[in-house]
Amino acid sequence: MTDFIDLYSMLPEELEEYFLSIGEKKFRAKQLFPKLAHGTPISDMTDLSKALRERLVRDTLDTLPRVEEKLVSRIDGTVKYLFRLHDGECIESVFMRYKHGNTLCISSQVGCLMGCRFCASTLEGKVRDLLPSELAGQVIAASRDTGERVSNIVMMGIGEPLDNFDNVVKFLRLVNHPDGLNIGYRHISLSTCGIVPKIRELALVDLPITLSISLHAATDEKRCEIMPINRKWNISELLSACVDYYNTTKRRISFEYTLIGGKNDTREDADELAWVLKRAFAGTGAPIHVNLIRVNEVKETGFREGSRESADSFAARLESHGITATTRRRLGADVNAACGQLRRARVKGENV
Ligand code: SAH
């Protein structure tokens, strides 16, 4: 897949294989994995002989992201990172402090192919997938920079995680490993715009993470208008994959619904949403939860944010149908914490 050796993407068994292949002992894998998992540079691994260190530095590529720029919110301390990758590309992550622990929102690709009309990350298309080490590297770099442990990860930054399936699954195993960062699967959420076959594949991989579905509309007509993916897999195909996912994993699924003023935020939209979800999950016993997000205005998209009150009444309407709904708290409003905006400004050579 890659034409260079990327130690930071390797699980212990792969490290073992690598060390055996260069004539080293197997135990090196056990020795190095915890250090690699915490982002220790090879040159700092002084328990290795100088010759081995030099060889590793020469033969492998350090793929860990570097902090290129960092914006700290004066309102709530949220930190938005622009990371520089080994090939010069940039991605973003957002570090948020919640009562239940520090959460990092990470990117899964450089750019995105999905074309959702309200989203800044997709405006320039996709450049490439991120490696497992670049996914985990965001957690490592943010944690090193803040000096604080990241206990929760949400895959809601730039890119579509299920369009980078193999690397994402590998990353999940890496960060969950007890000898590594040891982040519980239950503390990791993966958000998708709805790549149906991959949702089905994810159910079979059987990692107890939380799946979030970016639904954003309750009718195919409206969803096709804002999310091109819906032309490939419509709402009924998507929800049927979700029901199967729930039946296989018994993991609760949450639905993301971005409220766009005058587009999908009326009382009728709320009724339609409640109806479509309840009908799909009828008889499964699955709790249905909707996360409401007021759209973050992105200049190019022309969509506008509805009022706080209309979000509250949308939530209340869902609740009246027996569906729990939370309105996402805005963190980092002053650092443009919506995904894709910082990278985009950088790509276009604007100052932020
Ligand atoms: N591709 C994945 C994950 C990245 S987007 C997905 O589609 O789920 C993460 C979440 O942010 C999605 O729910 C997405 O729809 C939402 N989002 C993107 N742009 C937004 C904006 N301008 N305002 C509010 N939410 C946005």
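**Reading the ligand site and the core**

Mentor: Let us begin with one contact: a backbone N or O atom of Thr 192 lies 3.4 Å from an oxygen atom of the ligand. Please keep in mind that this model is predicted.

Trainee: How should I judge such a distance, and which backbone atoms lie at what distance from a nitrogen atom of the ligand?

Mentor: A pair of N or O atoms is read as a polar contact when it lies within 3.5 Å. In this structure, a backbone N or O atom of Asn 296 is 2.8 Å from a ligand nitrogen, and one of Gly 159 is 3.0 Å from a ligand nitrogen. The protein covers 93% of the 530 Å² of accessible area that the ligand has on its own.

Trainee: Which residues around the ligand come nearest?

Mentor: The ligand has 18 residues around it, and those that come nearest are Phe 118, Ser 191, Ser 214, His 216 and Asn 296. Sorted by class, this shell holds eight nonpolar, eight polar and two charged residues.

Trainee: Which strands each supply at least two residues of the shell?

Mentor: Strand 8, residues 188-192, and strand 10, residues 253-259, each do so.

Trainee: Let us turn to buried residues. Why does Asn 102 count as buried?

Mentor: A residue is called buried when its relative accessible area is under 20%. Asn 102 has 12% relative accessibility, and therefore counts as buried. Asn 102 belongs to strand 4, residues 101-105.

Trainee: What polar partners does the side chain of Asn 102 have?

Mentor: The side chains of Asn 102 and Glu 148 are joined by a polar contact of 3.1 Å. In addition, a polar atom of the Asn 102 side chain lies 2.9 Å from the backbone oxygen of Arg 149.

Trainee: Is Val 79 buried or exposed?

Mentor: Val 79 counts as buried because its relative accessibility is 4%. Val 79 is part of strand 2, which covers residues 79-84. The C-alpha atoms of Val 79 and Leu 104 are separated by 9.5 Å, and these two residues are 25 apart along the chain.

Trainee: How many residues has the largest nonpolar core, and which have the most contacts inside it?

Mentor: The largest nonpolar core has 104 residues, and Leu 56, Phe 255, Leu 277 and Leu 318 have the most contacts inside it. Helix 9, residues 235-249, gives the most to this core, with eight residues. Domain 1 (7-59) and domain 2 (66-348) each provide at least three residues of this core.

Key:
Residues numbered from 1 in each chain as written. Predicted model: local features only at pLDDT ≥ 70, side-chain atom pairs only at ≥ 80, totals over all residues. Heavy atoms only, no water. Near = heavy atom within 4 Å. Polar contact = N/O pair within 3.5 Å; in protein donor to acceptor, adjacent residues only side chain to side chain. Areas by Shrake-Rupley, 256 points an atom, 1.4 Å probe, with all protein chains shown as cover. Helix = DSSP H or I, 4+ residues; strand = E, 2+ residues; numbered from the N terminus. Nonpolar A, V, L, I, M, F, W, Y, C, P; charged D, E, K, R; others polar. Core = buried A, V, L, I, M, F, W, Y, C linked by side-chain atoms within 4.5 Å. Buried < 20%, exposed > 50% of the residue type's maximum accessible area, 1.4 Å probe, protein only. Domains from an automatic or database assignment.
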